[in-house]
Amino acid sequence: MACTPAPPRRLLAALLLAAAIACAQACIWKFGTAPDSLAKHPGGTHWDHGFNGDDWAGVDASNKSWVCLTGKRQSPINIPFAAVQGGNSTTGNSTVAPEHQTRWNYPPLVSNGSNVEVINTGHTIQVEWLYPYRADVKIAVPANITPSTPVTAVLGLSPGSPAALVNATPAQFHFHAMSEHLVDGKYYPLEMHIVHKITNGLPACAAGCFSVTGILFELHNGDDNPLLEAIWAAMPERAGEINYLPAGAEIRLGELLPKTRDYVAYEGSLTTPPCTEGLLWHVFTQVQPISERQWNAYRRAVGLKDCTLMGDEPAAAADDDSTAAAAPNATTPAAATAAAAAAALAPPAAKAAAAAPAAAAANGGAAQPAALATLAAVAKDKRRLHRRHLLAPVAAAAPVAAAKEDDVEEGEEGQADPNEYTCKVVGYGQNYRNFQPINGRTVKLATAA
Ligand SMILES: [Zn+2]
């Protein structure tokens, strides 16, 4: 049976309620909401990508409101490329002078078997590294740096203005499908974001500023893009899982950037909660190829899942129900695939992703730890209720209006114990945010000299 869980952006409680009411036996869950998720959330409002790329209202772990709905300088945008190319910028000069252009120098990321991670965060597929990666990315700022000079100051530099350079350190990269940025109204199937942190060189960035570099991909018939292969081979389909690149595998990050490094620059935001503003964005105008097979594999990793509650103990003989207790997730296609992939990788293979700091910083992150703790505490008694439901005939899901209290309790335990669910991908997913109003912002073109 198919049913639709609660809409995104609601409180976890609402999600659990809807899940319990509608999904006693099986349900279709969108990316980031499936009950088999192992992803940890640092706090604040739980969120996921809406089916329509919709925005979010909520608070971070310190109860500070997100600015996704209220900010005026949000990302992504529909890049007015033809206008910018024609010199019709909204304000100021429309081009970034060659001497002020950002330079990227990325050596390959090389794995020793345990230091390059491919993570399904429940929000995206993200690559992180656990060693000092010697990338060299430099962003121009005015030579006369003041305590308030922002990382976006390059957008106000006139050609010939004296400039200094600050280092931007890549923290992680991840993907979105569809693309988040549009170019003259056109979507692309995939967009990659390399998230950089700037901590030195600008007093205003002492606590960390972000700059993101975006790469658009378009579908090519035929061969896979070999530059994506290592990542795609390790991509987990279960939220919260990490796979490690096998020893010797490498990601040639520099080559994932287009050969022609023309880009559009503007001031924007994180595209996920808390949607923090003041970021310097770069989006390359030359696109990279991705095969249909690779695109579909990505959309499976962020896919819709059919999940079934399994493995509950019987009401009368909780300790010897070997049938129901036999590691339910190992039998699901998605888990089996992940397990096989993990087995092929050097240890430590798959492990639960405790939402790495960089992931949390760039992708937001959230949930209700206190609520989960409460749910875990009451889980044992609820199992008996679950067992009763599992033994019931597989029939149409109970209508919302007919839900009973014990149905509600059922979903709570499911969230608290992801290993009691078997989930399989039954549809392609997506994880993009809709484009935001430009609101008069300067959009500049950098054309390689
Ligand atoms: Zn992103």
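User: In this predicted model, which residues of helix α3 are buried?

Analyst: Helix α3 covers residues 226-233. Its buried residues are Leu228, Ala230 and Ile231.

User: Within what arc do the buried residues of α3 fall, seen down the axis?

Analyst: The buried residues of α3 line one face of the helix. That follows because, seen down the axis, they fall within an arc of 150 degrees.

User: Which elements do the buried residues of α3 pack against?

Analyst: Strands and a helix both appear among the partners. The strands are β5 (116-120), β6 (125-129), β13 (250-251) and β16 (288-291). The helix is α5 (292-301).

User: Which residues touch the most other members of the largest nonpolar core, and which strand gives the largest share?

Analyst: This core holds 82 residues. Leu190, Val264, Ala265 and Tyr298 touch the most other members. The largest share, six residues, comes from residues 209-220, which is strand β11.

User: What is Tyr298 in contact with, leaving aside its neighbours within four places in sequence?

Analyst: Tyr298 belongs to the largest nonpolar core. Beyond its sequence neighbours, Tyr298 is in contact with Ile125, Phe175, Ala177 and Leu190.

User: How many residues are in the second, separate core?

Analyst: Ala239, Leu304, Leu309 and Met310 are among its members. The count for this second core is eleven residues.

User: Is Trp56 buried or exposed?

Analyst: Trp56 sits in the loop between β1 (26-29) and β2 (78-79). The cut-off for buried is 20 or more C-beta neighbours within 10 Å. Trp56 has 21 inside 10 Å, so Trp56 counts as buried.

User: What separates the C-alpha atoms of Trp56 and Thr70?

Analyst: The two residues are 14 residues apart along the chain. Their C-alpha atoms are separated by 10.0 Å.

User: How does Glu99 count, and where does it lie?

Analyst: Glu99 lies in the loop between α2 (81-85) and β3 (103-105). Glu99 has 13 C-beta neighbours inside 10 Å. The class between 12 or fewer and 20 or more applies, so Glu99 counts as partly exposed.

User: What separates the C-alpha atoms of Glu99 and Ala163?

Analyst: Along the chain, Glu99 and Ala163 are 64 residues apart. In the model their C-alpha atoms are separated by 8.4 Å.

User: Where does pLDDT stay under 50?

Analyst: The mean pLDDT of the protein chain is 78, and 69% of its residues reach 70 or more. Where pLDDT is low, the predicted coordinates should not be read in detail. The stretches under 50 include residues 1-13 and residues 312-414.

Technical notes. Residues numbered from 1 in each chain as written. Predicted model: local features only at pLDDT ≥ 70, side-chain atom pairs only at ≥ 80, totals over all residues. pLDDT = per-residue confidence, 0-100. Contact = placed C-beta atoms within 7 Å. Core = buried A, V, L, I, M, F, W, Y, C linked by C-beta atoms within 7 Å. Helix = DSSP H or I, 4+ residues; strand = E, 2+ residues; numbered from the N terminus. Arc of directions from axis to C-beta.
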